[in-house]
Amino acid sequence: MTSCFYAIRLVAHKLCTMLLRPQNPIFFSNLSGKTLTLNLQKNPFLRIAYSSRTSPSDTSPSVSSHCGINRISRIAQSEAQNALLDYLNSTRSLLFTDAEHMSKNSPNFLQKLMSKVENEQDIGRSITRFLRYHPINEFEPFFESLGLKPSEFCPLLPRDLLFLSDDHLLLDNFHVLCNYGFPRSKIGKMYKEEREIFRHGDGVLLSKLRAYEVLGLSRPALIKLVNSCPSLLVGSVNENFVGVLEKLKSLDIEKDWIVGVFSQKNSCNWSRILGLFIFLEKMGFGNREMADIIKMHPKLFFEGSGQKMCFLVSLLMKVVGLQIDEIKGLILQYPSVLAPNITRNFCQGICLLRTVELEIEEIARLVRSYPHILGLCSFKRSELVFRRSKVGKMRLRSMILEDPNLLRNWVVGNKISRVPVTGKDEKSSREKTKFLLKLGYVENSDEMTKALKKFRGKGDELQERFDSLVEAGLDVHDVSNMIKLSPAVLNQCREVLVKKMDFLVNDFGYPRQSLVKFPSYLCYDMERVKVRFLMYKWLKEKGVARPNLALGTILACSDERFLKQFVNLHPEGLAVWEKLNKSSSSG
């Protein structure tokens with residue numbers, strides 16, 4: 001369907017090209033003059049006149065008439081621009097250069113102006129007559145000609161002014177920028193971001209520009225720099241910016257070099273950039289090392305005011321646990337890892353490693369040894385890796401620890417292949433099947449197939465966890481039924497299961513037999529369990545909650561429902577609930 005659509009567009013385009021050639025004798029044969037005239041009435045500036053000799057049987061306009069549509073449209077637009085230019089220059093006494101730029105670079109305003117005049121052939125005189133009795137808001141075409149969209153400059157329009165000449169400070173500072181060499185189409189962005197620039201008194205703005213020239217910046221470089229960072233012209237000379245220039249000079253980097261690394265879409269926090277340079281010095285980087293890194297990856301230091309670099313160092317220190325010396329050595333040994341997307345790549349990689357339950361020490365070891373993989377590669381989501389590779393967390397974890405280069409297989413753009421089954425996997429599967437047969441599953445049944453996917457761990461590990469529940473005082477048949485109801489119970493290690501049962505029995509006095517009806521208790525996070533039961537205990541002491549509630553009633557509902565059914569039963573309940581959650585999080 002899509003290919004057919006584009007084929008039709010291509011044919012239509014070629015046909016239009018043929019028809020618009022003045023020398024082509026092709027005529028529109030299926031359109032009546034009446035129909036075409038009615039369509040053209042919607043836009044008075046595209047109207048065409050038909051010969052009175054056209055008969056009902058021969059009403060097809062020629063190509064020359066069709067070509068006249070575009071010609072008249074351009075002529076009408078040019079006449080409208082000239083009328084607006086004459087009004088702004090002759091009537092309103094604006095400089096010719098200002099009036100000309102406004103009339104030719106404010107298409108939205110011009111279209112709105114043309115829509116207000118009568119449908120006449122001489123559009124220029126119509127607009128002149130209209131402007132004679134209807135003064136316009138001159139700030140609208142002015143701001144539009146400076147590169148701002150109507151949605152951007154509408155909030156900037158003065159409430160009590162219509163004429164540009166009434167705001168002499170705006171015009172004076174605007175002319176200073178134009179005479180200095182700033183492109184008019186870029187000045188709108190400067191006004192939008194820093195309106196204070198256009199409130200300077202006579203000579204102040206020019207003196208600020210010359211003060212930056214004294215620092216060694218060329219005029220073209222200064223223009224590009226101020227376009228990116230208009231805040232440089234607000235207040236006195238930016239001391240942090242001066243500090244950055246001096247630091248670059250000490251690194252033998254030319255001052256004008258800094259212009260090429262800035263984007264006009266981003267503003268700069270010079271204080272943060274200077275602080276980043278000082279921090280790198282404290283890390284032990286020498287001048288030559290810093291200069292090489294800055295030149296190799298300038299966006300990490302200047303785009304976003306060095307935020308990416310700061311985030312990277314914080315990530316490696318606080319999340320991975322690397323020391324300052326290790327981070328420095330990592331950057332010097334593998335400077336290529338400081339790619340533009342390094343922070344995002346590291347976050348994705350560390351998230352994947354944490355999902356397969358690698359310890360922090362193991363992740364740190366991988367970062368030290370394989371930063372070129374974690375820093376340069378963009379990884380797919382862990383859920384997609386599990387689904388496509390057909391392996392679980394434990395198997396994936398062991399694979400990564402055995403050969404970290406396997407991480408390249410899960411990079412965005414690579415097809416994830418199913419991990420082949422090994423002899424070790426077959427042995428583990430046999431042990432797991434043997435354990436499930438003891439629980440009462442039928443061999444080769446659908447239930448057995450589903451259970452094999454739900455249980456994680458080797459057969460002996462599952463048996464050990466099963467035995468821990470029996471040793472705690474539960475009946476073997478009861479435990480078997482519990483596992484069938486909630487297979488995830490055996491996906492936890494023995495120590496966790498014992499801890500959860502001790503907490504239930506010793507801290508809150510529930511009998512172990514209560515687990516038979518609600519085995520999912522053993523699957524809940526201990527933080528949730530503690531907060532819910534401590535809250536329930538407090539409510540019982542206040543006499544607003546019934547004793548001996550079922551485990552599922554306390555744990556299975558959402559936080560919103562628990563608040564409504566239990567916490568809100570007491571006036572102080574919400575405060576206690578928030579305190580318990582806060583202490584649990586901090587603990």
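These legends describe close-up views of a predicted model.

**Figure 1. The whole chain is built with 33 helices and 0 strands.** The chain has 587 residues, and 41% of them count as buried. Contacts often link distant parts of the sequence. Among contacts between residues at least 6 apart in sequence, 70% join residues at least 24 apart.

**Figure 2. The largest nonpolar core holds 112 residues.** Trp 270, Phe 301 and Phe 302 have the most contacts inside this core. Another core, of 47 residues, lies apart from it. Leu 515, Leu 539, Ile 554 and Phe 562 are among the residues of that other core.

**Figure 3. Helix α9 meets helix α10 at a crossing of roughly 130°.** Two packed helices are described by the angle between their axes and the distance between the axes. Here α9 covers residues 168–180 and α10 covers residues 184–193. Their axes come within 11 Å. The crossing angle of roughly 130° makes α9 oblique to α10. The crossing of these two helices is right-handed. From α9, the residues Leu 170, Phe 174, Leu 177 and Cys 178 take part. They meet Arg 184, Ile 187, Met 190 and Tyr 191 in α10. Sorted by class, the contact of α9 with α10 has 7 nonpolar residues, no polar ones and 1 charged residue.

**Figure 4. Helices α14 and α17 cross at roughly 40°.** Helix α14 spans 270–283, and helix α17 spans residues 307–320. The two axes come within 10 Å. How do α14 and α17 lie to each other? They are oblique. The crossing of α14 and α17 is left-handed. Arg 272, Leu 276, Phe 279 and Leu 280 form the α14 side of the contact. Gln 307, Met 309, Cys 310 and Val 313 form the α17 side. The contact of α14 with α17 divides into 6 nonpolar residues, 1 polar and 1 charged.

**Figure 5. Helices α28 and α30 cross at roughly 5°.** Helix α28 runs over residues 494–507, while α30 covers 526–541. Their axes come within 12 Å. An angle under 35 degrees counts as roughly parallel. The angle here is roughly 5°, so α28 is roughly parallel to α30. Lys 500, Phe 503 and Leu 504 in α28 touch Met 526, Val 529, Lys 530 and Phe 533 in α30. By class, the contact of α28 with α30 has 5 nonpolar residues, no polar ones and 2 charged ones.

**Figure 6. Ser 93 and Asp 252 each sit in a loop with a positive phi.** Most residues other than glycine have a negative phi. Ser 93 is not a glycine, yet its phi is about 65°. Ser 93 lies between α3 (63–91) and α4 (96–104). With 60% relative accessibility, Ser 93 counts as exposed. Asp 252 is not a glycine either, and its phi is about 60°. The loop of Asp 252 joins α13 (239–250) and α14 (270–283). Asp 252 is exposed, with a relative accessible area of 66%.

**Figure 7. Leu 215 lies in the loop between α11 and α12.** Helix α11 covers 204–214, and α12 covers 219–228. Is Leu 215 buried, partly exposed or exposed? Leu 215 is partly exposed, because its relative accessible area is 22%. Beyond its neighbours up to four places away in sequence, Leu 215 touches Val 237, Phe 241, Val 242, Leu 245 and Lys 255. Glu 246 is 31 residues from Leu 215 along the chain, and their C-alpha atoms are separated by 9.2 Å.

**Figure 8. Ser 378 is a buried loop residue.** The loop lies between α21 (371–376) and α22 (382–389). Buried means under 20% relative accessible area. Ser 378 has 18%, so it counts as buried. Leaving aside neighbours within four places in sequence, Ser 378 contacts Arg 344, Asn 345, Gln 348, Trp 410, Val 411 and Val 412. The C-alpha atoms of Ser 378 and Ile 342 are separated by 8.8 Å, though these residues are 36 apart along the chain.

**Figure 9. Gly 543 lies in the loop between α30 and α31.** Helix α31 covers 551–555. Gly 543 counts as exposed, at 60% relative accessibility. Gly 543 and Leu 569 are 26 residues apart along the chain. Their C-alpha atoms are separated by 9.9 Å.

Terms used. Residues are numbered from 1 along each chain as its sequence is written. This is a predicted model: local features need pLDDT of at least 70, side-chain atom pairs count only at pLDDT 80 or more; totals for chains, interfaces and linings use all residues. Side-chain values use heavy atoms; hydrogens and water are left out. A nonpolar core is a set of buried Ala, Val, Leu, Ile, Met, Phe, Trp, Tyr and Cys residues joined through side-chain atoms within 4.5 Å. Buried means under 20% relative accessible area, exposed over 50%, partly exposed in between (1.4 Å probe, protein chains only). Axes are lines fitted to C-alpha atoms, for helices over the stretch in contact, and angles run from 0 to 180 degrees between N-to-C directions. Helices (H or I, at least four residues) and strands (E, at least two) are DSSP runs, numbered from the N terminus. Angles under 35 degrees count as roughly parallel, over 145 as roughly antiparallel, 65 to 115 as roughly perpendicular and the rest as oblique. A crossing is left-handed if the near helix is turned anticlockwise from the far one by less than a right angle, and right-handed if clockwise. Contact means heavy atoms within 4.5 Å. Ala, Val, Leu, Ile, Met, Phe, Trp, Tyr, Cys and Pro count as nonpolar, Asp, Glu, Lys and Arg as charged, and the others, Gly among them, as polar.
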